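Subject: Handover of a structure and notes on it

Dear colleague,

Please find the structure below, passed on to you for your own inspection. My notes follow it, arranged by region so that you can read them beside the model.

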Amino acid sequence: MTAPLALSQTAINFTYLVAAVLLIVGIRRLSSPPTARSGNVIAAIGMAIAIFFTFLDSDIDTYWLILTGMGIGSVIGVASARLVKMTAMPQMVALFNGVGGGAAALVAAAEFHRLAPALGHLPGDEIGAMLFAALIGSISFSGSLVAFGKLQELLPGRPIVFPAQKTVNAILFATLIVFGIRAGITETGIWMVLLLAGALLFGVLLVLPIGGADMPVVISLLNAFTGLSAASTGFVLDNTVLIIGGTLVGASGTLLTILMGRAMNRSLANVLFGAFGAAPAGGTAVAGASSDGKSYREITAEDAAVMLAYAKRVVIVPGYGLAVAQAQHAVRELADLLEKRGVDVKYAIHPVAGRMPGHMNVLLAEANVPYPQLFDMEDINPEFPRTDVALVIGANDVTNPAARSVPESPIYGMPILNVDEAANVVVLKRSMNPGFAGIDNDLYYEPKTAMLFGDAKGSVEKLVAGVKAA
């Protein structure tokens with residue numbers, strides 16, 4: 001069955017160019033919340049154009065299989081968009097990213113199986129693109145599944161390490177290169193199968209020793225892998241829009257990975273091989289003292305509410321604890337009450353707060369927090385010395401002053417939110433357990449800091465009641 005209205009490849013390539021321009025414009029508009037919705041629509045129109053005109057390619061002869069895949073994917077996509085909670089968005093992003101990488105690897109393997117026997121000898125650039133897409137796409141697929149498992153708590157969030165792990169990974173990667181070379185030389189399917197299987201194993205071993213605190217960087221890196229594998233698949237299929245789209249994803253993912261690493265003052269090598277956060281978390285500290293004798297001050301919700309109600313400036317610092325407790329709506333209600341009392345309320349967003357880039361922004365946007373109240377770290381840090389109360393909700397390592405003052409600390413040099421410069425600090429936490437870095441937060445033991453223990457949502461709701469009563 002051929003296309004009912006087949007177009008020339010030149011005409012199809014022109015529509016692909018139009019689609020690519022729309023994708024670029026759409027991605028550009030995603031950089032700002034006020035234009036993000038229209039950016040999504042523009043990018044979706046570009047993708048729809050690319051899909052529609054691909055159906056008019058005269059080389060397509062099996063429509064039912066394509067339509068079946070589209071139908072299944074559409075059902076899964078709509079169900080995910082409707083049912084997945086905003087707090088689970090990081091793991092959904094990891095899963096969908098992995099699916100993209102796996103799809104690119106399968107397409108590359110299928111083209112290798114189809115063309116190698118038919119042509120007898122594949123062009124070097126074409127077979128190179130196939131092998132690269134198979135390798136990188138498989139690593140992205142299995143690595144993203146492990147990241148999903150860690151974020152979904154199906155796997156331990158801490159780094160999982162074993163003796164000689166780096167050596168084993170190095171040997172396995174070298175073996176994959178050998179498999180790829182053999183597949184390119186012999187053009188036989190067994191070497192491609194070995195390459196795919198080995199790459200899947202390597203993706204698992206690559207992400208297992210990475211802790212939950214580094215998931216924003218890992219997701220960005222695997223996203224770049226998926227983009228590069230998709231672009232390589234575009235070369236294999238001679239598909240212009242796939243080349244452009246994959247390159248955009250690969251470039252943006254790479255840039256975001258670099259920016260995330262800088263935000264944590266960590267190199268990519270340290271993220272991948274440093275097993276950051278491997279130190280076991282200590283037990284809950286007894287009330288009033290840490291395990292090494294440092295004392296902290298506990299506060300009641302009523303006292304914290306009075307402190308907030310009579311402040312002039314309050315900065316709210318959201319973290320992963322807010323996401324887990326789904327406290328964003330309660331936080332918005334608290335902020336509204338404070339603003340009615342004339343309090344200036346702002347939100348401080350650290351680049352790596354949460355489990356993916358922009359995680360806190362997405363959660364707060366769901367609660368309709370006005371975007372102008374959200375401030376990046378560079379913009380909000382100068383405000384802390386003029387802040388009466390900094391309300392920290394689950395943000396641990398990104399507020400630890402040890403990053404500035406303790407050279408032997410594993411987070412030393414990481415840019416942090418300078419909440420310790422505020423006149424008063426109220427920290428909402430379940431317990432005194434360390435964060436993902438596995439170290440105590442020196443902020444909690446400063447005289448100006450008060451600890452309010454409990455589930456973040458429940459604690460914020462108590463603060464709301466207290467402000468209403470103040």
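Strand S5 is largely enclosed by the rest of the structure, because 5 of its 6 residues are buried. Please bear in mind throughout that this is a predicted model.

**The sheet around S5**

S5 belongs to an open sheet of 6 strands, whose order is S3-S2-S1-S4-S5-S6 and whose pairing is parallel. Strands S3 (374-376) and S6 stand at the edges; each has a single partner strand, so one side of each is left without a neighbour in the sheet. On average, neighbouring strands of this sheet are turned by 25 degrees against each other, with direction ignored.

On one side, S5 pairs with S4 in the parallel sense over 5 bridges. Here valine 426 of S5 is the bridge partner of leucine 391. S5 also pairs with S6, again in the parallel sense and over 5 bridges. In that pairing, valine 426 stands opposite alanine 450 in S6. Valine 426 therefore appears in both pairings, as the partner of leucine 391 and as the residue opposite alanine 450.

**Helices against the sheet**

Helix H17 packs on the sheet and touches S4, S5 and S6, its direction making about 135 degrees with that of S5. Helix H14 (residues 359-366) lies across S1, strand S2 (344-349) and S3, and runs at about 145 degrees to S2.

Which residues of helix H11 (residues 301-309) are buried? They are Ala301, Ala304, Ala305, Leu308 and Ala309. These residues cover an arc of only 135 degrees around the axis, which puts them on the same side of H11. In an α-helix there are 3.6 residues a turn, so residues three or four places apart point the same way. The buried residues of H11 pack against four strands and two helices by name: S1 (313-318), S4 (389-393), S5 (424-429) and S6 (449-453), together with H13 (328-340) and H17 (456-469).

**Aromatic pairs**

The structure holds 6 aromatic pairs. In one of them, the ring centres of phenylalanine 173 and phenylalanine 202 are 5.4 Å apart and the planes stand at 45 degrees, so the pair is tilted. This pair links distant parts of the chain, since phenylalanine 173 lies in helix H6 (residues 165-186) and phenylalanine 202 in helix H7 (residues 189-207), 29 residues apart. Phenylalanine 173 is partly exposed, with a relative accessible area of 35%, whereas phenylalanine 202 counts as buried at 11% relative accessibility.

Phenylalanine 179 and tryptophan 191 form another tilted aromatic pair, with 5.9 Å from centre to centre and 45 degrees between the planes. Phenylalanine 179 lies in helix H6 and tryptophan 191 in helix H7, so this pair ties together parts that are 12 residues apart in sequence. Phenylalanine 179 is buried, its relative accessible area being 17%. Tryptophan 191, at 23% relative accessibility, counts as partly exposed; the cut-off for buried is under 20%.

Elsewhere, ring pairs link Tyr296, Tyr445 and Phe453 into a cluster.

**Charges over rings**

What sits over the ring of tyrosine 310? It is the charged end of arginine 341, at 5.2 Å from the ring centre. In a further case, the charged end of lysine 346 sits over the ring of phenylalanine 375, 5.1 Å from its centre.

**Alanine 104 and serine 232**

Alanine 104 lies in helix H4 (residues 89-119). With a relative accessibility of 6%, alanine 104 counts as buried. Its contacts, leaving aside neighbours within four places in sequence, are Ala133, Ser229, Ala230 and Thr233. The C-alpha atoms of alanine 104 and alanine 134 are separated by 7.0 Å, although these residues are 30 residues apart along the chain.

Serine 232 is found in helix H8 (residues 215-237) and counts as buried at 9% relative accessibility. Not counting residues up to four places away in sequence, serine 232 touches Ala129, Phe132 and Ala133. Ala133 is thus in contact with alanine 104 and is also touched by serine 232.

With kind regards

Conventions:
Residues are numbered from 1 along each chain as its sequence is written. This is a predicted model: local features need pLDDT of at least 70, side-chain atom pairs count only at pLDDT 80 or more; totals for chains, interfaces and linings use all residues. Side-chain values use heavy atoms; hydrogens and water are left out. Buried means under 20% relative accessible area, exposed over 50%, partly exposed in between (1.4 Å probe, protein chains only). The arc is that of the directions from the helix axis to the C-beta atoms. Contact means heavy atoms within 4.5 Å. Two strands pair if DSSP finds at least two bridges between them. Axes are lines fitted to C-alpha atoms, for helices over the stretch in contact, and angles run from 0 to 180 degrees between N-to-C directions. Rings of Phe, Tyr and Trp (its six-membered ring) pair if their centres lie within 6.5 Å; planes under 30 degrees apart count as stacked, over 60 as edge-to-face and the rest as tilted. A charge sits over a ring if NZ of Lys or CZ of Arg is within 6 Å of the ring centre and within 35 degrees of the ring normal.
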